[in-house]
Amino acid sequence: MTIQCYYCEHESGHVRYVTFYEIDHEHDEPLCDECYAEWLESLKG
């Protein structure tokens, strides 16, 4: 089963779910390994 990455929209068989917090709600979205790695780097500042 493949899932579409929330950020790059590529199909992937392995994704990680990340919770995005917005002003009035939160939502979980799938990220492929490459986008997940970039997201982690962005948290470092």
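This passage walks through the strand pairing, charged pairs and nonpolar core of one predicted model.

In this predicted model, local features need pLDDT of at least 70 and side-chain atom pairs count only at pLDDT 80 or more, while totals for chains, interfaces and linings use all residues. Residues are numbered from 1 along each chain as its sequence is written, and side-chain values use heavy atoms, with hydrogens and water left out.

The hairpin is a handy place to start. Strands S3 (residues 15-21) and S4 run antiparallel to one another, paired over seven bridges, and four residues sit between them in the hairpin. Strands here are DSSP runs of E with at least two residues, helices are runs of H or I with at least four residues, and both are numbered from the N terminus. Two strands pair if DSSP finds at least two bridges between them. Across the hairpin, Tyr 17 stands opposite Pro 30 of S4. Strand S4 covers residues 26-32, and five of its seven residues are buried; buried means under 20% relative accessible area, exposed means over 50%, and partly exposed is in between, using a 1.4 Å probe and protein chains only.

Glu 29, also in S4, is a charged residue that goes without a partner. Glu 29 is buried yet has no salt bridge, and the nearest side chain of opposite charge, Arg 16, is 15 Å away. For this purpose Lys and Arg count as positive and Asp and Glu as negative, with His and the chain ends not counted. What does the side chain of Glu 29 make a polar contact with? The partner is the side chain of His 27, at 3.0 Å. A polar contact is a pair of N or O atoms within 3.5 Å; within protein, one must be able to donate a hydrogen and the other to accept it, and residues adjacent in sequence count only if both atoms are side-chain atoms. Not counting residues up to four places away in sequence, Glu 29 also touches Tyr 6, Arg 16, Tyr 17, Val 18 and Phe 20, where contact means heavy atoms within 4.5 Å.

As for salt bridges, the whole structure has two, each defined as a side-chain nitrogen of Lys or Arg within 4 Å of a carboxyl oxygen of Asp or Glu. One joins Arg 16 and Asp 33, whose closest N and O atoms are 3.7 Å apart. This pair links distant parts of the chain, with Arg 16 in strand S3 and Asp 33 in helix H1 (residues 33-44), 17 residues apart. Arg 16 is partly exposed at 38% relative accessibility, and Asp 33 is partly exposed at 40%. Lys 44 and Glu 41 also meet in a salt bridge, at 3.2 Å from N to O. These two are three residues apart in helix H1, so about one helical turn separates them. Lys 44 is exposed at 65% relative accessibility, whereas Glu 41 is partly exposed at 49%.

Turning to the interior, the largest nonpolar core holds six residues: Cys 5, Val 18, Leu 31, Cys 32, Cys 35 and Tyr 36. S4 and H1 each supply at least two residues of this core. Such a core is a set of buried Ala, Val, Leu, Ile, Met, Phe, Trp, Tyr and Cys residues joined through side-chain atoms within 4.5 Å. Leaving aside neighbours within four places in sequence, Tyr 36 is in contact with Arg 16, Val 18 and Leu 31.
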